[in-house]
Amino acid sequence: MRKLLLLAVASSTLAIVGTAAAVKPVAVSISVSRSTVVYGGTVKLSGVLSTHQVGAKVHVLSRAYGATSFSGIASVDTTTGGAWSYTATPAILTRYQAQFGSATSRAVIVKVRPKIVLELKSRTARRGTFMVTANGVRPFTGKYALIQRLTSSGPTTLKHVRLGAGSSATFTIRLPKRRVRVRAVMPTSQAAPGYIARNSNVWSSS
């Protein structure tokens, strides 16, 4: 009789342990469509709720460069299979997480490049005057851009241009008679903190 009682207790204990093991904690995942974006661009954040519940609220959190903690930026409903997605526009290096109840995903990082614009303001037969502007959530006053001529053998740096008020600078370079292609480059050392290197559009002479 004692053996039967012990077997019954053991069976009950195993059943309880088995049930507890079968109940897994809810989890939410997150992934990002691309890890780098130019200022003003967007990225798609997406993931799946482990319960595969439809219509559940997933909270999207972000922590931009310089912030000390994550904060909510959106709440989205899960769709088929518990999937969720959100389109974000990071203005500077930003970390993202997804949250459902007490469950929080890992953090994903999106790096941001400043938007560098090169414009021809005027030209003569042998010289061209250009403006270069760096766009971001903060000014780049005092930083410099490299002005490069692109050739078949690679880029050649013509000058360093220091950006002034409005994160822009005007400069003049010599234009050879043959066709020439020019761009501006802001290296990471100048784009940082919060941004990484970026090339401008390429200007080509006719």
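**Figure 1. Pairing of Thr36 with Lys111 in the predicted model.** In this predicted model, Thr36 has Lys111 of strand β9 as its bridge partner. The two strands concerned, β2 (residues 36-38) and β9, are paired in the parallel sense, with 3 bridges between them. Strand β9 also pairs with strand β7 (residues 94-100), here through 3 bridges and in the antiparallel sense. Within that second pairing, Arg95 is placed opposite Ile109 of β9.

**Figure 2. Alternating side chains along strand β9.** Strand β9 comprises residues 108-113, and its side chains alternate between two faces. Val108, Val110 and Val112 are directed to one face and are buried. Ile109, Lys111 and Arg113 are directed to the other face and are not buried. Two residues of this second group recur in the strand pairings: Lys111 is the partner of Thr36, and Ile109 stands opposite Arg95.

**Figure 3. The open sheet β1-β3-β6.** Three strands form an open sheet in the order β1-β3-β6, and their pairing is antiparallel. Its edges are β1 (31-32) and β6 (83-88), each of which pairs on one side only. Strand β3 (residues 43-48) is joined to β6 by 6 bridges, the two strands running antiparallel. Val48 lies opposite Ala83 of β6.

**Figure 4. The salt bridge between Asp77 and Lys57.** The structure contains 1 salt bridge. Asp77 and Lys57 form a salt bridge in which the closest N and O atoms are 3.1 Å apart. Asp77 belongs to strand β5 (residues 71-77) and Lys57 to strand β4, so the contact ties together parts that are 20 residues apart in sequence. In general, side chains of opposite charge can pair when their charged atoms come close. Asp77 is partly exposed, at 40% relative accessibility, and Lys57 is likewise partly exposed, at 45%.

**Figure 5. The loop between β3 and β4.** Gly55 is located in the loop between β3 and β4 (57-64). The C-alpha atom of Gly55 is separated by 5.0 Å from that of Asp77, although the two residues are 22 residues apart along the chain. Gly55 is partly exposed, with a relative accessible area of 45%. His52 is found in the loop between β3 and β4 as well. The phi angle of His52 is near 60°, a positive value in a residue other than glycine. With a relative accessibility of 49%, His52 counts as partly exposed.

**Figure 6. Backbone geometry at Ser167 and Pro193.** Ser167 occupies a position in the loop between β13 (154-162) and β14. Its phi angle is near 55°, which is positive in a residue other than glycine. Ser167 is buried, at 5% relative accessibility. Pro193 is placed in the loop between α2 (188-191) and β16 (198-199). The peptide bond leading from Ala192 to Pro193 is cis, with omega near 5°.

**Figure 7. Strand β15 and its pairing partners.** Of the 6 residues of strand β15 (residues 181-186), 5 are buried, so the strand is largely enclosed by the rest of the structure. Strand β12 (residues 144-151) runs antiparallel to β15 and is joined to it by 5 bridges; in this pairing, Ile147 stands opposite Ala184. Strand β17 (residues 203-204) is joined to β15 by 2 bridges, also in an antiparallel arrangement. Here Val182 faces Trp203 of β17 as the residue opposite. A further 2 bridges join β15 to β16, and these strands run antiparallel. The bridge partner of Val185 in β16 is Asn199.

**Figure 8. A patch of positive charge on the surface.** The residues Arg126, Arg127, Arg174, Lys177 and Arg178 gather in a surface patch of positive charge. Arg174 is situated in strand β14 (residues 168-174). Its relative accessibility is 51%, and Arg174 therefore counts as exposed, the cut-off for that class being over 50%.

Technical notes: Residues are numbered from 1 along each chain as its sequence is written. This is a predicted model: local features need pLDDT of at least 70, side-chain atom pairs count only at pLDDT 80 or more; totals for chains, interfaces and linings use all residues. Side-chain values use heavy atoms; hydrogens and water are left out. Two strands pair if DSSP finds at least two bridges between them. Helices (H or I, at least four residues) and strands (E, at least two) are DSSP runs, numbered from the N terminus. Patches are made of residues with over 30% relative accessible area and no salt bridge: like charges are joined within 9 Å, nonpolar side chains (Val, Leu, Ile, Met, Phe, Trp, Tyr) within 5 Å. Accessible areas come from the Shrake-Rupley method with a 1.4 Å probe; for residues, only the protein chains shown count as cover. A salt bridge is a side-chain nitrogen of Lys or Arg within 4 Å of a carboxyl oxygen of Asp or Glu. Lys and Arg count as positive and Asp and Glu as negative; His and the chain ends are not counted. The place of a charge is taken as NZ of Lys, CZ of Arg, CG of Asp or CD of Glu. Buried means under 20% relative accessible area, exposed over 50%, partly exposed in between (1.4 Å probe, protein chains only).
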